[in-house]
Amino acid sequence: MERYRGKSVSPNIAIGRIWFYEKEKCQIEKRAISDSAAEWKRYEDARNTARDQLKELMRKIEEEVGETNAAIFDVHALLMEDADYNAYIRRMIEVQMVNAEYAVHEAGIHFAEMFAAMDDEYFRARAADIRDISQRLVGILTDEGAENVSWDEPMIVVAPDLVPSETVQMDRAKVLAFVTEKGSVNSHAAILARTMNIPALTSMPVKREWNGRLAIVDGSSGILYVDPDLPTLERMRRYEKKEKKAALELQKLKGQETVTQYGKKIRLYANIGNVTDAEDALFQDAEGIGLFRSEFLYLEKNSLPTEKEQFESYRAVAEKMKGKKVIIRTMDIGADKQADYLGLEKEENPAMGYRAIRICLDQQEIFRTQLRAIYRASVYGTVAVMFPMIISVEEVREIKRQIEAVKEELRQEQIPFEEIETGIMIETPAAALISDELAREVDFFSIGTNDLSQYTLAVDRQNPQLERFFDPHHPAVLRLIRMTVENGHRGGCWVGICGELAADLTLTEEFIRMGIDELSVSPPMVLPVREAVRNVAL
Ligand code: PEP
Ligand code: MG
């Protein structure tokens, strides 16, 4: 048995086999070959396998989420048969006499660059697809002979690193746990794991040879066991049972009010990224959705989601929540949440860079499409909208102008919509400090303590080395929260917290003393927070 200690990202225990996930074999070996016919045959076999995989993926996705979502794999299948792409690979194998994986890798780079340079937006978006199919083919070619672990059973996903776009694309029913080498506890991949209630560890010395081996992830204490011995397995199964029992105990709080001992009522909402999370939120008895991170719809895809696709997702969540409030946050892309197809330039300081509302106010087509989708969905439930990364009153006024323009458009087109609440995230010190002025512009504030801590303390939330400095309990952060609540209330806004701190049970009482109106937490934390609120003697 091997035992490793890392950092806990998301609690609970998982027991299962390891699936080692590598984004891309970074180093594609270039080898001289002597038999080009045999090498071409290897390529053709890989292409056949890829064809089967794509067909299977399409079938599954059509079955689970509908035909439109499966269409992307249809595009992949077509691109893989492209005559120019195949001729390029053949030339490299037959003329340059190099191995198939290297030829495919080079073809992927060549055609992705070609597509990315095109004027037409549709073709530019194909760059990501061509990279994707090349990766698939390289994966098949390089995995020949490796231990064949098919991902039919739920497994523990072990990876050097995982970015949010990869995490959201994984089939959650197949993921028992995440274990990564890189990554911070405050990153979005970590938040996703917590939202999905999947145990997760980081800062682990991951090894490719673990692929297929039995392991135990102890998400609560940060320990990974590879090839666990029988006594460890039995002990961890007992813990697992205990955890499940404690979770069951909490279920008793379903249907109960989130109210302190002396009757102060708190709205207890959940943070979600998609429709499945909304189901979890309902299951955990959340009273609404306090943060719908809409950017995950953008990250799941290889091109901008259309108005119709967005509308369908927002509508599905609004309908699912049956009149309970659903606060949709507009696209917060940038920093660690990157969508290749947007073609954003690499930045020296991405967290303080071109992200969120800055992109939206700049690229109005994208913003208006999203606003239209949100307003169209507003008639299917109780929808509200909020905007991330605000730093000025001018931004909010510009947003309001855009909203008015979109509403006018919808009126002209006789598309129904509701007048919905508008709010902003208070997640920069600038916004907290001018929250008195901002309160006059909107209906509510939602405090994003993850970014508020990062920017107040000048600590990159992505950097695991800085975790000891990332202290959201710092008096400076708490003072800004208090100031925001007071200013919000004075200006007629209700104020909530949707950052991870909202689920910090050691602060529940303090937040209530400050006068907070709403707490929005990952679905698994809804009932623990309800319990904490009910224990507050205020
Ligand atoms: C936050 O910054 O606290 C927040 C809720 O937004 P995100 O974590 O998505 O940046
Ligand atoms: Mg944020």
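Let's start at an outlying spot: at 71% relative accessibility, Gln414 counts as exposed. Keep in mind that this is a predicted model. Gln414 sits in the loop between H14 and strand S13 (421-426), and its phi is near 55°, a positive value in a residue other than glycine.

**Two more positive phi values**

Met389 also shows a positive phi, near 60°, and is not a glycine. Where does Met389 lie? Its place is the loop between S12 and H14. Met389 has a relative accessible area of 1%, so it is buried. The cut-offs behind these words are under 20% for buried and over 50% for exposed, so Met389 with its 1% goes in the buried class, while Gln414 with its 71% goes in the exposed one.

Asn197 is another case: this residue follows H7, and its phi is positive, near 60°.

**The loop ahead of H14**

Back to the loop between strand S12 (382-387) and H14, where Ser392 is found. Ser392 is buried, with a relative accessible area of 16%. What does the side chain of Ser392 reach? The partner is the backbone nitrogen of Glu395, at 3.1 Å.

H14 itself spans residues 393-412, and Arg401 and Glu398 are three residues apart in this helix, about one helical turn. Their side chains meet in a salt bridge, 3.0 Å from N to O. Glu398 has a relative accessible area of 22%, so it is partly exposed.

**Salt bridges across the chain**

The salt-bridge count for the model comes to 45. Three of the pairs are set out here.

| Pair | N to O distance |
|---|---|
| Arg51 and Glu81 | 2.8 Å |
| Arg401 and Glu398 | 3.0 Å |
| Lys320 and Glu279 | 3.1 Å |

Take the Arg51 and Glu81 bridge, with its closest N and O atoms 2.8 Å apart. Arg51 lies in helix H1 (residues 36-65), whereas Glu81 is in the loop between helix H2 (67-80) and helix H3 (83-94), so the bridge ties together parts that are 30 residues apart in sequence. Both ends are partly exposed: Arg51 is at 28% relative accessibility, and Glu81 is at 36%.

The bridge between Lys320 and Glu279, at 3.1 Å from N to O, links two helices. Lys320 belongs to helix H11 (residues 307-320) and Glu279 to helix H9 (residues 275-283), so parts that are 41 residues apart in sequence are tied together. Here, too, the ends are partly exposed, with a relative accessible area of 27% for Lys320 and 37% for Glu279.

H1 also holds Glu56, which counts as partly exposed at 38% relative accessibility. From Glu56 to Glu404 is 45 Å, C-alpha to C-alpha, and the two are 348 residues apart in sequence.

Back in H14, there is the Arg401 and Glu398 pair, joined at 3.0 Å. Elsewhere, salt bridges that share partners join Glu295, Arg329, Asp332, Lys337, Arg355, Asp451 and Arg461 into one network.

**Around ligand 1**

Where does ligand 1 sit? The place is the largest cavity. Which elements give two or more residues to the shell around ligand 1? They are helix H7 (188-195), strand S10 (289-293) and helix H17 (449-457). H17 supplies the largest share, three residues. In total, 16 residues surround ligand 1, and the closest are His188, Arg293, Arg329, Gly448 and Asn450. Arg329 is thus one of the closest residues to the ligand and also a member of the salt-bridge network.

Now for the polar side-chain atoms facing oxygen atoms of the ligand. One from His188 lies 2.8 Å from an oxygen atom of ligand 1, and one from Arg293 is 2.8 Å from such an atom. Lys337, a member of that network, has a polar side-chain atom 3.4 Å from an oxygen atom of the ligand. On its own, ligand 1 has 290 Å² of accessible area, and the protein covers 100% of that.

Is H7 mostly covered or mostly open? H7 is mostly covered, with eight of its eight residues buried. The buried set is His188, Ala189, Ala190, Ile191, Leu192, Ala193, Arg194 and Thr195. His188 therefore appears in two roles, as a buried residue of H7 and as one of the residues closest to ligand 1.

Conventions: Residues numbered from 1 in each chain as written. Chains lettered and ligands numbered in written order. Predicted model: local features only at pLDDT ≥ 70, side-chain atom pairs only at ≥ 80, totals over all residues. Heavy atoms only, no water. Salt bridge = Lys/Arg side-chain N within 4 Å of Asp/Glu carboxyl O. Helix = DSSP H or I, 4+ residues; strand = E, 2+ residues; numbered from the N terminus. Buried < 20%, exposed > 50% of the residue type's maximum accessible area, 1.4 Å probe, protein only. Near = heavy atom within 4 Å. Polar contact = N/O pair within 3.5 Å; in protein donor to acceptor, adjacent residues only side chain to side chain. Areas by Shrake-Rupley, 256 points an atom, 1.4 Å probe, with all protein chains shown as cover. 1 Å grid on protein atoms, 1.4 Å probe; cavity = no way out; pocket = protein on both sides within 12 Å on 5 of 7 lines; lining within 4 Å. Sits in = over half its atoms within 2 Å of the grid points.
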